[in-house]
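Student: Please give a close account of a single strand and its surroundings in the structure shown here.

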Amino acid sequence: MSTTRDGRPGRRALRLTAALAVTVAVALLAAGCGSSKKSSSSGRGGGPGVAAAKEKVAALAKPTTSFSPPGPQLGNVKSLSGKTVWYIPITDKVEFFQAVTSGLRTALGNAGVKLKTCSGEANPSATAACVNQAVNARAGAVIVDAIPIAVAAQAFEAAKASNIPVLVTDQDPPPPGVPGAVKGIGDSKLAYTLNALDLQKAAADWIIADSNGNANVLVSELTDSPSTQAWIEKGALGEFRTYCPGCKTTLSKINIASLQLVPSKTSSDLLRNQDTNYVLAEFDATLQPIQAGAQTAGFAKKVKAVSSSGLLGPLQQIKSGGFVHADVGIDYAYQGWAIADEVFRMMLGQPPAVEKVPNRLFTKENVGSLKLTPAAEATGEWFGSTDFKSMFTKLWGL
């Protein structure tokens, strides 16, 4: 899940996302938006939990210097040359998916595999149409990004019937009995890779460490899918429960399909919780409307915002001393190659591997040494070494 460069989807995108959110809610019993709940504990500040969080933060702030192969050596990757892989993101209008597409295209191209993109337009009908087009075109594989299988279950059944591997990224596998359920992370026909659980844990860790265990946090949770909810409930809130039982959290449930309502929701939540000193945005996509709400409530200078995605705009804010104080980024360039690795394995009839994409915590302490430009963002150099490309090509025998 990610954001446009300015963080604001257009009106059409909002309408389309709304349709998807409704369908996901019905199909997967996702919770509704617009509610908030509080949790708090006594015993504030310091302690072993804070020390542990500070250790984790220190490690997360460091660049990645080496890479381990995600799975066994792949043979016969060259036999895939000439095939076409279809990439279907929830929408191609946001920066996150554009960045992933660039790395994916380059990685596939090394094996002579072509990439065809088709935007799901945050709409079940458009998503189904993309999958059906891929089936009719006899795709070598289909990748869907941030889209639950249940959104277009019939279309995905057609892909299965045509023996086309389907890789789902940025989603957790659904529970048994729900369309798209798998054993473990899946097999060579349907598999899942990558999620944002660790990103949300890291965001909470930074707040715990920065506040020395004295945080009053407004946590914004996206209700767009069971996955986005689980990443907050099990990730961020789980981290607070484990390492900072004295921290106070106020949960604000929002929906990316209704970003226009987020400023007023944020403003009212802050006014009801005057002691709030931190705001946790699940992804950079929601930062701008959350900031607008904080400004309306008079909290823009009273709270420190932390988010995840690690896009250019928020990192520039960190460097300039803006609303955002920390952002947990994921190496999009590496992610594109990791997705290619999974697809190659599936197309060759091999089981999927556990891909570990480098994450990095960006704060005032380390962004000053980075080139905060679109070109640098595209290379993955913010995260450290870019030698992962040679690691993957060697793994693929290319």
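Tutor: The following account concerns strand 4 and its partners.

This is a predicted model, in which local features need pLDDT of at least 70, side-chain atom pairs count only at pLDDT 80 or more, and totals for chains, interfaces and linings use all residues. Residues are numbered from 1 along each chain as its sequence is written, and side-chain values use heavy atoms, with hydrogens and water left out.

Strand 4 covers residues 141–145; strands (E, at least two residues) and helices (H or I, at least four) are DSSP runs numbered from the N terminus. Five of its five residues are buried, that is, under 20% relative accessible area with a 1.4 Å probe and protein chains only. In a regular strand the side chains alternate between the two faces of the sheet. Here A141, I143 and D145 point one way, V142 and V144 point the other way, and all are buried.

Strand 4 has pairing partners, where pairing requires that DSSP find at least two bridges between two strands. With strand 2 (residues 84–89), strand 4 pairs in the parallel sense over five bridges; within this pairing, V142 is the bridge partner of W86. With strand 5 (residues 166–169), the pairing is also parallel, over four bridges, and L167 is the bridge partner of I143.

The connection to strand 5 involves helix 5 (residues 153–161): strand 4, this helix and strand 5 make a right-handed β-α-β unit. Right-handed means that, with the strands pointing away from the viewer, the path from the first strand over the helix to the second runs clockwise.

Definitions and conventions:
Buried < 20%, exposed > 50% of the residue type's maximum accessible area, 1.4 Å probe, protein only.
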